[in-house]
Amino acid sequence: EAVATEWNVSLWGKRRAFTEHVEKLAELVSEKTNGEFTLNISYGGLSKNKENLDGISIGAFEMAQFCAGYHPDKNRTITVLELPFLGVNNLEEEVAVSHAVYDHPAVQDELAQWNAKLLMTSPMPQYNIVGTGEPRDELAEFEGM
């Protein structure tokens, strides 16, 4: 049986902080296999940003990055990570929370519908409300903002 020697990887936009871990993975895979296995990264050439799960599901490419918020109807279980005020204090906590969600059977079952398996997280800064003055820690304190 023939074994794949390369995977096509669908990203979108331009190379940026959000994609650097995929670039590093491609570098390490090539290095560790002496070039016998490669990840061919494409920025928008394989799929539109909201169609990467679709592409995975039909086998158009082997690996893709996707943003849960771009298509919450396709991956409802993961969108919990996009809720504000999760209380994540640093990168290590964010990665741990993401992996706990990814490991949940409901998430794995939902992604299996797309023939997808999560390999790694793409941590982004938390989008919480920031401001000046005393911290607001009760819902009523947000009234009038």
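**View 1. Asn115 and Asn34, two asparagines with positive phi.** Asn115 lies in the segment after H4; helices (H or I, at least four residues) and strands (E, at least two) are DSSP runs, numbered from the N terminus. This is a predicted model, in which local features need pLDDT of at least 70, side-chain atom pairs count only at pLDDT 80 or more, and totals for chains, interfaces and linings use all residues. Residues are numbered from 1 along each chain as its sequence is written, and side-chain values use heavy atoms, with hydrogens and water left out. Back at Asn115, phi is near 60°, a positive value in a residue other than glycine. The relative accessibility of Asn115 is 57%, so this residue counts as exposed (buried means under 20% relative accessible area, exposed over 50%, partly exposed in between, with a 1.4 Å probe and protein chains only). Asn34 also belongs in this view: its phi is near 55°, again positive in a residue other than glycine. Look for Asn34 in the loop between helix H1 (20-32) and strand S2 (38-43). With a relative accessible area of 69%, Asn34 is exposed.

**View 2. The whole chain, for orientation.** The protein has four helices and three strands. Starting at the N terminus, the order of the elements is β-α-β-α-β-α-α. The C-alpha trace spans about 65 × 30 × 25 Å along its principal axes. Of the 145 residues in the protein, 27% are buried. Contact here means heavy atoms within 4.5 Å. Among contacts between residues at least 6 apart in sequence, 63% join residues at least 24 apart. The accessible surface comes to about 9,900 Å², and carbon and sulfur atoms account for 54% of this area (Shrake-Rupley method with a 1.4 Å probe; for residues, only the protein chains shown count as cover).

**View 3. Leu111, a buried residue of helix H4.** Which helix holds Leu111? Leu111 is found in helix H4, residues 105-112. Leu111 is buried because its relative accessible area is 2%. Not counting residues up to four places away in sequence, Leu111 touches Leu53, Phe66, Ile78, Ala116 and Leu118. For a sense of distance, try finding Met124: Leu111 and Met124 are 13 residues apart in sequence, while their C-alpha atoms are 21 Å apart in space.

**View 4. Asn52 and its contacts.** Asn52 lies in helix H2, which covers residues 52-57. Is Asn52 buried or exposed? At 1% relative accessibility, Asn52 counts as buried. Leaving aside residues up to four places away in sequence, Asn52 touches Ser10, Trp12, Ser47, Phe61, Ala64, Gln65 and Phe66. Phe66 appears in the previous view too, where it touches Leu111.

**View 5. The salt bridge of Glu110 and Arg76.** How many salt bridges does the structure hold? There are five, each being a side-chain nitrogen of Lys or Arg within 4 Å of a carboxyl oxygen of Asp or Glu. In this one, the side chains of Glu110 and Arg76 meet at 3.2 Å, N to O. The pair links distant parts of the chain, 34 residues apart, with Glu110 in helix H4 and Arg76 in the loop between S3 and H3. Glu110 counts as buried at 5% relative accessibility, whereas Arg76, at 52%, counts as exposed.

**View 6. Charged pairs around helix H1.** Salt bridges that share partners join Arg15, Glu20 and Glu23 into one network. Within this network, the closest N and O atoms of Arg15 and Glu20 are 2.6 Å apart. Glu20 is partly exposed, with a relative accessible area of 34%. Now turn to Glu27 and Lys24, which form a salt bridge whose closest N and O atoms are 3.2 Å apart. These two are three residues apart in helix H1, so about one helical turn separates them. Glu27 counts as partly exposed at 44% relative accessibility, and Lys24 is partly exposed with a relative accessible area of 41%.

**View 7. A nonpolar patch on the surface.** Val80, Leu83 and Leu86 make a nonpolar surface patch of about 220 Å². Patches are made of residues with over 30% relative accessible area and no salt bridge; like charges are joined within 9 Å, and nonpolar side chains (Val, Leu, Ile, Met, Phe, Trp, Tyr) within 5 Å. Leu83 is found in the loop between strand S3 (63-64) and helix H3 (91-102). Its relative accessibility is 45%, so Leu83 counts as partly exposed.
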